[in-house]
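I set out to record in this notebook what I looked up in one structure. The entries follow in the order in which I made them.

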Amino acid sequence: AAGGDRAAVVAAAGTGGGLDTDGELELFEDLDEEASQLAMRQLLTLDAIEWAPGHDDGGGGSGAAAENMQLSKIRITDTGTRLLKLGVDLQIARFVLACHRLGVAGSGIRLASLLMSESCRRILPRRASSPSAVQARWHGYLDKTSDHMSLLRLYDGYCDAVAENRGARWLLSRQIDSSTMDEVHDTRLHLMMKMLTVCNTTEDSA
């Protein structure tokens with residue numbers, strides 16, 4: 001993801017991002033060629049970049065052409081611009097945009113906020129020290145088909161508890177530090193504000 005983010009910034013600067021480079025982009029350090037090409041392929045998959053008009057990829061398709069992609073031959077798509085404006089990991093940003101397109105932006109933002117939290121990933125059922133610990137923390141929220149859905153159900157349960165003025169008790173009973181949920185809340189607010197700017201939507205409009 002870091003390579004993809006870095007390559008996207010480079011692509012933005014070198015293909016119409018507002019910098020006067022006279023066709024050449026000078027970097028403080030050289031990008032590793034293999035890592036750069038991999039990042040470019042990932043950005044093509046995310047629909048963050050595309051070939052500039054009039055470019056002939058030789059009939060090999062975008063995947064093959066990415067092997068020899070040059071900044072002067074690509075440009076950032078509208079989707080790519082939105083991904084950058086969200087200001088988070090590009091794959092997470094793409095997920096949130098996809099959820100918005102499908103009409104479930106609220107759930108997408110909440111899940112993205114949870115996945116971006118290392119603290120939340122540490123409380124996943126598979127990382128619990130014992131079956132009893134799983135039962136104590138996850139009773140009523142565990143989805144055996146998906147860690148993602150389990151996290152989402154747990155967070156929604158916490159939000160319900162907060163609305164009923166029992167949030168602190170809820171956290172204590174499940175041995176979850178309040179800073180974990182504070183981190184998720186802050187990330188969620190960030191994404192909500194960014195989505196309002198990028199897509200003119202919030203969770204409530206989904």
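Entry 1. I note at the outset that the model is predicted. I began with Q175 and asked whether this residue is buried or exposed. Q175 has a relative accessible area of 64%, and the cut-off for exposed is over 50%, so I recorded Q175 as exposed. I then looked up its place in the chain: Q175 lies in the loop between α10 and α11, the latter covering residues 178-198. Its backbone also drew my attention, for Q175 has a positive phi of about 55° and is not a glycine.

Entry 2. I turned next to N165, which also has a positive phi without being a glycine; the value is near 60°. Where does N165 sit? I found N165 in the loop between α9, residues 147-163, and α10, residues 167-173. Its relative accessible area is 73%, and I therefore entered N165 as exposed.

Entry 3. I moved into helix α10 and looked up L172, which is located there. L172 has a relative accessible area of 68%, so I listed this leucine as exposed. I also checked its distance to R137. The C-alpha atoms of L172 and R137 are 9.7 Å apart in space, while 35 residues separate the two in sequence.

Entry 4. I then examined a pair of helices, α6 and α9. Helix α6 consists of residues 105-115, and its axis comes within 10 Å of the axis of α9. At what angle do the two axes cross? The crossing angle is roughly 105°. Angles of 65 to 115 degrees count as roughly perpendicular, and therefore I described α6 and α9 in that way.

Entry 5. I listed the residues by which these two helices meet. From α6 they are S107, R110, L111, L114 and L115, and from α9 they are H148, L151, L152, Y155 and D156. I sorted the residues of this contact into 6 nonpolar, 2 polar and 2 charged.

Entry 6. My last search concerned cysteines. How many disulfides does the model contain? The rule requires a pair of cysteine sulfur atoms within 2.5 Å, and the count by this rule comes to 0 disulfides. I also looked up the accessibility of two cysteines. C99 has a relative accessible area of 9%, which is under the 20% limit, so I recorded C99 as buried. C199 has 12% relative accessibility and therefore counts as buried.

Technical notes. Residues numbered from 1 in each chain as written. Predicted model: local features only at pLDDT ≥ 70, side-chain atom pairs only at ≥ 80, totals over all residues. Heavy atoms only, no water. Buried < 20%, exposed > 50% of the residue type's maximum accessible area, 1.4 Å probe, protein only. Helix = DSSP H or I, 4+ residues; strand = E, 2+ residues; numbered from the N terminus. Axes fitted to C-alpha atoms, helices over the stretch in contact; angles between N-to-C directions. Parallel < 35°, antiparallel > 145°, perpendicular 65-115°, else oblique. Contact = heavy atoms within 4.5 Å. Nonpolar A, V, L, I, M, F, W, Y, C, P; charged D, E, K, R; others polar.
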